[in-house]
2 protein chains.
Amino acid sequence: MDQVAKRVPIVYNNVMGYESTVTSPVNIAVVKYWGKRNSELILPTNSSLSCTLSQDHLNTKTSIRASPSYTSDRLWLNGFEEDLYASARLTNCIRELRRLRKEKENELSSSDLASPENLEAAEHHVPPLSEWCIHVASENNFPTAAGLASSASGYAALVQALSNLYDLSISLTQLSMIARLGSGSACRSVYGGFVEWQAGILPSGEDSYAVSVAPETHWPTLQALILVVSDKKKSTPSTSGMSTTVKTSELFPIRISEVVPKRIIQMKEAILQRDFTKFALLTMKESNQFHAVCLDTYPPIFYMNDISRAIIKLVDLFNSQVDEITKKPKGIRVAYTFDAGPNAVIYAEKDVIKEFIELVMYFFPRGTGQTSNSFFPDPFGLLKSSCSGNGNPSTTPAEAHSHPKFENYTPIMTRYEPGSIRRIIHTTIGDGPRVLDHSQALFNEAGMPKRVKD
Amino acid sequence: MDQVAKRVPIVYNNVMGYESTVTSPVNIAVVKYWGKRNSELILPTNSSLSCTLSQDHLNTKTSIRASPSYTSDRLWLNGFEEDLYASARLTNCIRELRRLRKEKENELSSSDLASPENLEAAEHHVPPLSEWCIHVASENNFPTAAGLASSASGYAALVQALSNLYDLSISLTQLSMIARLGSGSACRSVYGGFVEWQAGILPSGEDSYAVSVAPETHWPTLQALILVVSDKKKSTPSTSGMSTTVKTSELFPIRISEVVPKRIIQMKEAILQRDFTKFALLTMKESNQFHAVCLDTYPPIFYMNDISRAIIKLVDLFNSQVDEITKKPKGIRVAYTFDAGPNAVIYAEKDVIKEFIELVMYFFPRGTGQTSNSFFPDPFGLLKSSCSGNGNPSTTPAEAHSHPKFENYTPIMTRYEPGSIRRIIHTTIGDGPRVLDHSQALFNEAGMPKRVKD
């Protein structure tokens, strides 16, 4: 495969600009980030650890173009134009990358700098990009309504695209620190696989960045499901939520000083040993403790609702099943984790996923009127083979299954109202940000978003 | 008022027996009991503190009769006969009181002991009650379906009635320790008002008993509401729940060693100063922390559901209201606390209760088909006066109120499905166990329950 250029020159109206397009992944923490020791620099109270999910299913795509013909910095998010400077965090990220670009330009003599009027020479010179305005367009390939936090993939894509556009030779460590200024958890989305955000101890934040624990290839059988849960109420924003927790929770200090440091070590061991049982137990306990300190906050913060609780119960039941022949426990085969909202993220080994999905589809049937494909797109064709010969295209195999399959669960679990889970997203552990070809950019030739909404 | 005899002699079929009837109150902890250091002796990991609620509205009534003609110990709970010896805890309480009675009898010469055949002499002698079998009948005046724990009032009534029947001269301290053997929180129901269960440190449990912090007359304006919440799922029993918490929660140790000891001191100060704000804040934080350590348990324990959370939100909103004229915050006027179930107990000063009840009735309307009297019996006639002239007897004033009254809440709160709260019980802080007259006993003359169910 040819290497895709990190940025490309674009000539429009006889003026040469530059453009870069990347996608960046979502990451889901298994040791949670909750609490800042410095709000401006976004320095956390504790280290955290996450799995990067595959961009094939969930990503933010960001195109940035710089041109001497632009008169202002502009931003389009999912097709809607927004005020780029309304967000101090966004401004901080862009300012820092521009500063690095400026430094690079300053290191060169003025004669090396290209003039926009001299197109022939431009490609062999260093264009003064730090002086030019930029257009930024960013889109998530997952609906905002899915309730998934897009700030991690969003800021990771922004800093990666701008760093590429500016042709900066900075390390992923540096990139991670700049992404951190946008959104704490974004610093972990600059790597694929298993990633630790080291909290650091310096007031400057110079030692607070992400490091790779293991690449995505390390544990290829680990997969993830996102169970998108309906919720009428707006959740507490995580920024204000974590600040209230730090101020008011009396259990929080012990979590930070004792529990998390131990868990970070144990979680890295579990990942390096590909020990699913250990990984799963730590993941679930950690999710529970994060929500426990939210509840110990005053006023208390709730992110999980009755459906989230029912998913936990289903996982607990699944993990306590006994093999019918050997009579031995099947063991911990599935782990849940919940972030600052009611959605569950499930981690499981590949060979267990199908059984668990069928269980979820039985107890949380799709909404009336919803197509089975929009409920569970089944990107890996897990349920398709058993579908052959089924004349009713709207009935998925799990729904058609007879009751006995679930009889170990039905004494305790009841089936929930259709639509209680709105969507099941199946994905894998994936790689870090990807550079895309100009043909996949979000801009048209004029440097305006291809898709604009009002 | 005449002093009611603690026990009465009953002659039936020419045999003299003795009978005692008491009622005992429910108590609701504001510093929670959760965790045992010794399961058999029911010794807690931490001191706890509760308010005793009025027996006028919530009580357990227990009658015990001893007769030389009985051939076995028998027990009726709410009219259903149960195996008295199926419960080790019940057995422990009865065994201990019988032992004390036996000691008392042993202190007297045999000539002082009455013979059942010698009725004339019996009243002037000490009958050998420890040798006789007993009939126990116990009834709650609140429906079991109300989801209120009846073990505290139940065991307090049992030990009080049996101690009276046996004519024991034991202190409330001793009585409290015996009630503790039945159910930990029962030890607090032997006093009215504000009660601390001192955890103690001795392995024998001799220093683990309840003491009065202040009598019910100390803070006569403090009132309570119980909001009975519908819940389909069975909650985790508190005995197994607290044992799992002690074993698995990593936040629990700091709660026990640092948070609770401090809170006990602060809570006593708040009560002695009748400082509602301080009392309310501590009560709410303490409830939150109890549920936080339940959530930090593995597998996690949930007692609150979406309706419980909505009640917390309503309380938070109520406590953040601003006076329309002075523009000053009205302050913390209501406190919530939740035990091992979804029901809320609300504490508030008398002059605030009506406003809060109306709010609850608006956002959690009674179920369709439910009468307003069964939803909110209104024992203090709070809503009755404003009802005059209202031609529709099934419409309570709160329900008839127009929307504007709740407009500070409606941007944030939505009205919940009718019947989400099943019942509102309004009560006050009340006294300790009461001795009742024979006419109010649960037995007929033959010593069988007046009301029996199969």
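**Figure 1. Salt bridges and polar contacts between chain A and chain B of the predicted model.** Across the interface of chain A and chain B there are 4 salt bridges, a salt bridge being a side-chain nitrogen of Lys or Arg within 4 Å of a carboxyl oxygen of Asp or Glu. Glu250(A) forms a salt bridge with Lys262(B), and the closest N and O atoms of this pair are 3.3 Å apart. Between chain A and chain B, 9 residue pairs are in polar contact, with both residues at pLDDT 80 or more; a polar contact is a pair of N or O atoms within 3.5 Å, where within protein one must be able to donate a hydrogen and the other to accept it, and where residues adjacent in sequence count only if both atoms are side-chain atoms. This is a predicted model, in which local features need pLDDT of at least 70 and side-chain atom pairs count only at pLDDT 80 or more, whereas totals for chains, interfaces and linings use all residues. Residues are numbered from 1 along each chain as its sequence is written, chains are lettered from A in the order in which they are written, and side-chain values use heavy atoms, with hydrogens and water left out.

**Figure 2. The surface of chain A that touches chain B.** In contact across this interface are 31 residues of chain A and 31 residues of chain B, contact meaning heavy atoms within 4.5 Å. The two chains bury about 2,800 Å² between them, 61% of it on carbon and sulfur atoms, where buried area is the accessible area (1.4 Å probe) that two parts lose on being put together, summed over both. In chain A, Glu250(A), Tyr298(A) and Arg309(A) lose the most area to chain B, together 26% of what that side buries.

**Figure 3. The relation between the two copies.** A rotation of 180° with 0.0 Å of shift along its axis superposes chain A on chain B, with an RMSD of 0.0 Å, by least squares on the C-alpha atoms of residues with pLDDT of at least 70 in both. The two copies are thus related as by a two-fold rotation axis. In chain A, the C-alpha of Ala292(A) is the nearest to this axis, 2.1 Å from it. Because 100% of the interface residues of chain A are also interface residues in chain B, the copies meet through the same surface.

**Figure 4. The interface of domain 1 and domain 2 within chain A.** Chain A is divided into domain 1 (8–218 + 434–440) and domain 2 (222–428), with bounds that come from an automatic or database domain assignment. The C-alpha centres of the two domains of chain A lie 31 Å apart, while 30 residues of domain 1 are in contact with 44 residues of domain 2. These domains of chain A bury about 3,000 Å² between them, 70% of it on carbon and sulfur atoms; on the side of domain 1, Lys32(A), Trp34(A) and His218(A) lose the most area to domain 2, together 28% of what that side buries.

**Figure 5. Polar and charged pairs between the domains of chain A.** Between domain 1 and domain 2 of chain A there are 2 salt bridges. Glu196(A) forms a salt bridge with Lys268(A), the closest N and O atoms being 2.6 Å apart. Across the interface of these domains of chain A, 11 residue pairs are in polar contact, both residues being at pLDDT 80 or more.
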